[in-house]
Amino acid sequence: MKLMLFFFLLLSNKPGSFQTSPVYDKEQTGKVIKIVDGDTFDMLTEEKSTLRIRMNGIDCPERRQAFYQNAKNALAGYIFNKEVKLFITGRDRNKRIIATVYCNGTNINLAMIQNGYAWHYKKYSADSVYAGAEQQARRLRKGLWRVDHPIAPWDFRKN
């Protein structure tokens, strides 16, 4: 049955189209060459191709939003010009690769939440560890949680 499903998915995925279903077991390594914002960056692979990465399960403040630069700087401190390992879960509507990012054994997605630089993006992630990390950061008033009534990026984008 699994084999039949595999062949169906393989045949139904047209060349040139991008995959929208999760790829949970795909890994990729490379060097971070550009920080776009607090949850997006560019990585150079060993094959010398550049990939745009959107971090899975988190959402950071948008440009013109309080704490935007802090989140971007924090991500840069964690991974800029460093080797990272990605655990890819799929692609988003902008064709960016969605991944959990590790650097020196640390889950950077989780670190961004734990230190108050990102929200747990519950719309796309049911991860209880991320949810707990956000609650702990809120209680300790870390990072963006020092601001009174921070506006979630998804609400900011609506306006």
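Ring pairs knit five residues into one cluster in this predicted model: Trp-119, Tyr-121, Tyr-124, Trp-145 and Trp-154. The chain has six aromatic pairs in total. Two pairs from the cluster are worth a look in turn.

Take Trp-119 and Trp-145 to begin with. Their rings meet edge-to-face, with centres 5.3 Å apart and planes at 70° to each other. That angle is over 60 degrees, so the pair gets the edge-to-face label rather than tilted or stacked. In sequence the two tryptophans are 26 residues apart, and the pair links distant parts of the chain. Trp-119 belongs to strand 8, a short run covering residues 119-120, while Trp-145 sits in the loop that joins helix 4 (128-140) to helix 5 (153-158). Both Trp-119 and Trp-145 are buried.

Then there is Tyr-121 with Trp-154, a stacked pair: 5.3 Å from centre to centre, but with just 10° between the planes. Tyr-121 comes from the loop between strand 8 and helix 4, and Trp-154 from helix 5, so this contact of rings ties together parts of the chain 33 residues apart in sequence. The partners don't share a burial class. Tyr-121 has a relative accessible area of 11%, which is under 20%, so Tyr-121 counts as buried. Trp-154, at 26%, lands in the partly exposed class because that value falls between the 20% and 50% cut-offs.

Stepping back to the whole fold, the protein chain carries five helices and eight strands. Read from the N terminus, the order is α-β-β-β-β-α-β-β-β-α-β-α-α. Contacts over long stretches of sequence are well represented: of those between residues at least 6 apart, 59% join residues at least 24 apart. As for burial, 41% of the 159 residues in the chain are buried. The accessible surface comes to about 9800 Å², and carbon and sulfur atoms account for 54% of that area.

What about the cysteines? A disulfide is a covalent bond between the sulfur atoms of two cysteines. The count of disulfides here is zero. Cys-60 has a relative accessible area of 1%, so Cys-60 falls under the 20% cut-off and is buried. Cys-103 is buried as well, at 5% relative accessibility.

Note on methods. Residues numbered from 1 in each chain as written. Predicted model: local features only at pLDDT ≥ 70, side-chain atom pairs only at ≥ 80, totals over all residues. Heavy atoms only, no water. Phe/Tyr/Trp six-rings, centres within 6.5 Å; stacked < 30°, edge-to-face > 60°. Helix = DSSP H or I, 4+ residues; strand = E, 2+ residues; numbered from the N terminus. Buried < 20%, exposed > 50% of the residue type's maximum accessible area, 1.4 Å probe, protein only. Contact = heavy atoms within 4.5 Å. Areas by Shrake-Rupley, 256 points an atom, 1.4 Å probe, with all protein chains shown as cover. Disulfide = S-S within 2.5 Å.
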